[in-house]
Amino acid sequence: MKKLELNYKPSLEAKFAKLILPVLKKFLPDNIYIILYNNLYFFYRLYIRYGYFFKTLLIYSLLSRKQRNKRSFVFKLLPFTLGGPKALENAFDLTIYIEENNIIGDIVECGVAQGGTASMMALVNKKYGKSDRRKWFFDSYEGLPQPTKEDYIKGKTGSFIRPLPKGSCLGTLEEVSDLMFGLLNLNKKTTLLIKGWFQDTVPQVKDDIKNIAILRLDGDWYESTKIPLEAFYDSISSKGFIIVDDYLTCYGSKKAVDEFLQKKEINPQIKLDGRGGIWFQK
Ligand SMILES: C[S@@+](CC[C@H](N)C(=O)[O-])C[C@H]1O[C@@H](n2cnc3c(N)ncnc32)[C@H](O)[C@@H]1O
């Protein structure tokens, strides 16, 4: 298989954070660093959200109705995702594609956290879909597990700047239910929150999912990518999508995908989401 040579250009803010955060981490005690990081991250997210809002205002009159909807969904869901506007826009675009091109199957996300990107796919299906697809949202709802040795290269698990200890990226079942069934009023019968470790839940539920239109992998680690990819790939419809949110940022996630593609002898046309994620079409 051809080796994938993919690079993405981090934003100016990300470049700045990559420069400054390691210095702070080196000189500050761990607990102080985590508090400082969390506060900086909180303001960074506000800045991204309102920056997006003002950019949208500036170009609003030039936007089509669909683009306006996209931007309004992104603004609404930004507080509930770790992925940022580009991940949300990508989830919007690919879900629109499956609706407009009648790609059959369910929507599956493995790695939901607070539910932002999962909700984007569900909202697009609700607004633009001809049918209410089943949506399977897998997560421990207890945050990340520990990485395994497959996740490390030279003592690091990736090129990201946020600390990712066990239990981080937490979104609880209650928080996600409040978002999906309270704020967004999604259908409880077709929006299925599957709680538990992928190692247990994926094999249990696999046979209930016959066709998949979008498989979104956002579990960060090697095992968390490999398990759902191996279990669900064959159920993905022709022209359905695989999104791997952490391909260029988490070493284990990339390793799991590369090994899988090599084993299957497939060489898909990989596209970048502009912030470290990739997607391809079956
Ligand atoms: C980066 S977050 C997901 C971000 C989310 N898609 C968003 O829109 O913000 C990764 C999530 O994967 C979940 N996760 C990772 N590995 C897992 C595993 N093996 N089993 C269950 N959940 C897992 C974690 O609980 C965490 O919520």
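**Exercise 1. Take Glu-265 in this predicted model: work out how exposed the residue is, where it sits, and what its phi looks like.**

Step 1. Start with the accessibility: Glu-265 has a relative accessible area of 74%. The cut-off for exposed is over 50%, so Glu-265 goes down as exposed.

Step 2. Now place it. Glu-265 belongs to the loop that runs between helix H9 (251-264) and strand E6 (271-272).

Step 3. Check the backbone. Glu-265 isn't a glycine, yet its phi is positive, at about 55°.

Step 4. Try Lys-239 as well. Its phi is positive too, about 75°, and again it is not a glycine. Lys-239 sits in strand E5 (residues 236-244), and with a relative accessible area of 44% it is partly exposed.

**Exercise 2. Find out which residues hold the ligand's oxygen atoms at polar-contact distance, and describe the shell around the ligand.**

Step 1. Count the neighbours: 23 residues surround the ligand, with Leu-82, Thr-117, Asp-139, Asp-218 and Ser-224 the closest.

Step 2. Sort the shell by class. You get eight nonpolar, 10 polar and five charged residues.

Step 3. See which helices contribute. Helix H5 (116-128) and helix H7 (198-205) each put at least two residues into the shell.

Step 4. Go through the contacts to ligand oxygen atoms. Asp-139 brings a polar side-chain atom to 2.6 Å, and Thr-81 does so at 2.8 Å. From Gly-143 it is a backbone N or O atom, at 2.9 Å.

Step 5. Finish with the cover. On its own the ligand would expose 600 Å², and the protein buries 99% of that.

**Exercise 3. Look at the salt bridges: which pairs link distant parts of the chain, and which one stays inside a helix?**

Step 1. Recall the idea: side chains of opposite charge can pair when their charged atoms come close. The model's tally is 18 salt bridges.

Step 2. Take Asp-245 and Arg-216, whose closest N and O atoms are 2.7 Å apart. Asp-245 is in the loop between E5 and H9 and Arg-216 is in strand E4 (residues 212-217), so this pair, 29 residues apart, links distant parts of the chain. Both ends are tucked away: Asp-245 is buried at 5% relative accessible area, and Arg-216 is buried at 1%.

Step 3. Next up, Asp-234 and Lys-264, with closest N and O atoms 2.9 Å apart. This pair also links distant parts of the chain, 30 residues apart: Asp-234 is in the loop between helix H8 (222-232) and E5, while Lys-264 is in helix H9. Here Asp-234 is exposed at 57% and Lys-264 is partly exposed at 35%.

Step 4. For the pair inside a helix, pick Lys-254 and Asp-258, bridged at 2.7 Å, N to O. They are four residues apart in helix H9, so about one helical turn separates them. Lys-254 is partly exposed at 25%, whereas Asp-258 is buried at 17%.

Step 5. Put shared partners together. Glu-109, Arg-216, Asp-218, Asp-245, Asp-273 and Arg-275 join into one network of salt bridges.

**Exercise 4. Identify the residues of the nonpolar surface patch and say where Phe-43 lies.**

Step 1. List the members: Phe-42, Phe-43, Leu-46, Tyr-50, Phe-53, Phe-54 and Leu-57, which together have about 710 Å² of accessible area.

Step 2. Locate Phe-43: it is part of helix H2 (residues 30-59).

Step 3. Classify it. Phe-43 has 52% relative accessibility, so it counts as exposed.

How values were computed:
Residues numbered from 1 in each chain as written. Predicted model: local features only at pLDDT ≥ 70, side-chain atom pairs only at ≥ 80, totals over all residues. Heavy atoms only, no water. Near = heavy atom within 4 Å. Polar contact = N/O pair within 3.5 Å; in protein donor to acceptor, adjacent residues only side chain to side chain. Areas by Shrake-Rupley, 256 points an atom, 1.4 Å probe, with all protein chains shown as cover. Nonpolar A, V, L, I, M, F, W, Y, C, P; charged D, E, K, R; others polar. Buried < 20%, exposed > 50% of the residue type's maximum accessible area, 1.4 Å probe, protein only. Patch = residues over 30% accessible without salt bridge, like charges linked within 9 Å, V, L, I, M, F, W, Y side chains within 5 Å. Salt bridge = Lys/Arg side-chain N within 4 Å of Asp/Glu carboxyl O.
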